[in-house]
Amino acid sequence: MLTCAYSAGLFGIDGYLVTVECNAYSELPQFEIVGLPDAAVKEAKQRVQAAIINSGYLFPETAMTVNLAPADVKKEGSAFDLAILATLLKVSTSIPPMTDLENCCFIGELSFSGALRSVRGTLPMVLSAKAAGKTEIFVPAANAAEASVVDGVNIYGCETVSDMVGHLRGEAPIVPAVRNIGDLSSRYDTDLDFADVKGQERAKRALEIAAAGGHNVLLIGPPGAGKSMLSKRIPTILPPMTFEEALETTKIHSVSGFLKEGQSLVTRRPFRSPHHTLSAPALVGGGKTPTPGEISIAHNGVLFLDELPEFAKNVSESLRQPLEDGKITVTRTAGRVTFPSDFMLVCAMNPCKCGYFGSKLRECTCKKTDIKKYLQKISGPLLDRIDIQVELPALEYSELSKKGTAEPSAAIRERVIKARKIAEKRFEGTALACNAAMASSHIRRFCALDEAGDRILKNAFEAMGMSARGYDRILRVARTIADLDDAENISARHIAEAVQLRSLDRKYW
């Protein structure tokens with residue numbers, strides 16, 4: 001007897017349909033799983049058998065071989081448990097043999113008791129099932145909200161095996177999960193607001209420009225100047241995510257296991273702040289079977305690297321290619337996977353090891369050779385990819401003791417959203433989402449300069465020994481400053497401000 005059901009697997013952040021075939025034949029009872037299963041899939045035999053018996057159904061007393069197709073793709077994880085169980089229950093007739101499972105897809109891990117446990121990557125697996133024409137998707141109840149984001153299919157959240165069997169028998173139909181994509185315009189926690197940050201007006205202006213154009217930022221200053229405090233508040237001024245951005249971000253977070261139970265979409269832009277001891281694979285992604293790293297988990301959001309010089313050189317240098325391409329390709333023996341990594345890089349660092357080089361309040365205790373060695377941990381090519389560089393001076397008492405609050409994040413966010421909409425209108429018909437994504441061809445088209453602006457940029461190019469990449473990045477930042485001013489053309493003052501925001505690499509390096 002041959003029975004068939006469908007499940008889904010994961011490769012990278014994308015799902016693929018898996019056909020689960022069970023061939024039962026009259027020999028001594030045995031149960032085998034083939035189709036390149038990993039250890040977790042092989043152990044499904046024990047989980048499925050216990051779940052069937054403890055749910056009160058008959059386990060087939062016959063020889064059975066389960067094949068997971070395509071057989072040349074390695075199957076990993078426990079999401080196939082439910083589909084394997086469905087084929088076995090059809091063999092034992094606990095699910096009537098005439099029940100049509102052609103349009104069904106089963107995703108979920110089983111416990112010995114017959115309860116369904118949540119699995120990672122449910123959203124991309126459901127998307128792949130829909131693409132394959134499956135319309136009835138059975139998932140653990142804990143994953144139902146996540147799966148319900150996919151439109152055009154019925155999502156059945158099951159607490160137990162009995163729930164699924166009762167639905168397939170027509171005895172206790174399950175009500176499909178209601179689609180809920182959440183509020184994409186939701187604000188951030190009220191305890192993070194630019195209104196709390198006193199002083200550092202120049203840095204706030206720089207971060208507003210960065211948020212409006214999606215530019216990378218480097219903050220340099222002594223300890224306690226507010227570098228981390230400002231950086232953590234950047235998400236509060238970023239524009240809301242589009243549905244497409246939220247869907248792609250949710251796929252990454254689902255595969256990485258960061259979605260909370262009952263959460264449907266990731267509606268807030270990610271903010272990732274890894275410790276400086278992380279490895280290169282943890283940053284860019286990797287492992288025996290490639291999984292997303294921090295740069296992909298920060299996709300459509302902010303990657304904050306505090307104490308940048310403390311990161312290993314090979315780790316910080318691995319950012320160079322993703323910053324240019326907006327994606328990272330990881331190659332391992334299991335295959336090659338491309339992860340999206342379009343993030344806003346925000347870095348913070350001290351000007352020297354002790355932190356007080358150039359400070360007016362405290363004397364630096366570092367030797368010149370130590371300062372040089374410390375700064376050389378940041379390479380020129382990486383600096384070249386950071387559009388905005390800002391120096392934060394130590395705050396004086398008069399600034400700290402000032403009464404009242406500063407401008408709130410909501411006001412800054414309104415200006416950022418307005419500037420983004422101007423850019424969005426300008427980029428109609430292209431794949432560009434913000435000014436930072438402009439290529440050289442777009443810069444020639446959208447960043448024309450008048451005579452005065454061209455003269456300022458020429459002088460800066462020659463005086464600063466600027467690279468071609470640095471030239472392009474100044475024009476991108478100037479275009480964003482013009483958008484914040486609601487100016488159609490880039491003027492000399494926009495160029496001048498953009499140049500000032502990119503001069504610290506010449507001061508320190």
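**A walk through a predicted chain**

Arg 332 touches Gly 285, Gly 286, Gly 287, Lys 288 and Pro 290, leaving aside residues up to four places away in sequence. The model in which these contacts appear is a predicted one. Arg 332 belongs to strand β13, which runs over residues 327-332. Is Arg 332 buried, exposed or partly exposed? With a relative accessible area of 32%, Arg 332 is partly exposed. Thr 289 is 43 residues away from Arg 332 along the chain, yet the C-alpha atoms of the two are separated by 7.0 Å.

The whole chain can be described next. The chain has 509 residues, and buried residues make up 54% of them. Its secondary structure comes to 22 helices and 16 strands. Along the principal axes, the C-alpha trace spans about 85 × 45 × 45 Å. The accessible surface of the chain is about 22,400 Å², and carbon and sulfur atoms account for 51% of that area. Of the contacts between residues at least 6 apart in sequence, 75% join residues at least 24 apart.

A second arginine can be set beside Arg 332. Arg 479 is placed in helix α20, residues 468-484. Its relative accessibility is 2%, so Arg 479 counts as buried. Not counting residues up to four places away in sequence, the residues that Arg 479 touches include Arg 426, Asn 435, Met 438 and Phe 446. Cys 447 and Glu 488 are also among them. Arg 426, one of these partners of Arg 479, has a ring beneath it: Arg 426 lies over the face of Phe 427, at 4.9 Å from the ring centre. A lysine is found in a similar setting elsewhere in the chain, where the charged end of Lys 134 sits over the ring of Tyr 6, 3.6 Å from the centre of that ring.

Rings also pair with one another. How many aromatic pairs does the structure hold? There are six aromatic pairs. In one, Phe 31 and Phe 59 have their ring centres 6.1 Å apart and an angle of 55° between the planes, and the pair is tilted. This pair links distant parts of the chain, since its two members are 28 residues apart. Phe 31 is in strand β3 (residues 30-34), while Phe 59 is in the loop between α2 (44-54) and β4 (63-69). Phe 31 is buried, with a relative accessible area of 11%, and Phe 59 is buried as well, at 14%. Elsewhere, Phe 106, Phe 138 and Tyr 156 form one aromatic cluster.

The last topic is the cysteines. How many disulfides are found in a search of the whole structure? The search finds zero. Why does Cys 22 have no disulfide partner? A disulfide needs two cysteine sulfur atoms within 2.5 Å. The closest cysteine sulfur to that of Cys 22 is in Cys 4, and the distance is 10 Å, which is too far for a bond. Cys 22 is also buried, with a relative accessible area of 0%. The reasoning for Cys 347 runs along the same path. Its sulfur is 17 Å from the closest cysteine sulfur, in Cys 434, and that is too far for a bond. Cys 347 has a relative accessibility of 1% and therefore counts as buried.

Key:
Residues are numbered from 1 along each chain as its sequence is written. This is a predicted model: local features need pLDDT of at least 70, side-chain atom pairs count only at pLDDT 80 or more; totals for chains, interfaces and linings use all residues. Side-chain values use heavy atoms; hydrogens and water are left out. Buried means under 20% relative accessible area, exposed over 50%, partly exposed in between (1.4 Å probe, protein chains only). Rings of Phe, Tyr and Trp (its six-membered ring) pair if their centres lie within 6.5 Å; planes under 30 degrees apart count as stacked, over 60 as edge-to-face and the rest as tilted. Helices (H or I, at least four residues) and strands (E, at least two) are DSSP runs, numbered from the N terminus. A charge sits over a ring if NZ of Lys or CZ of Arg is within 6 Å of the ring centre and within 35 degrees of the ring normal. Contact means heavy atoms within 4.5 Å. Accessible areas come from the Shrake-Rupley method with a 1.4 Å probe; for residues, only the protein chains shown count as cover.
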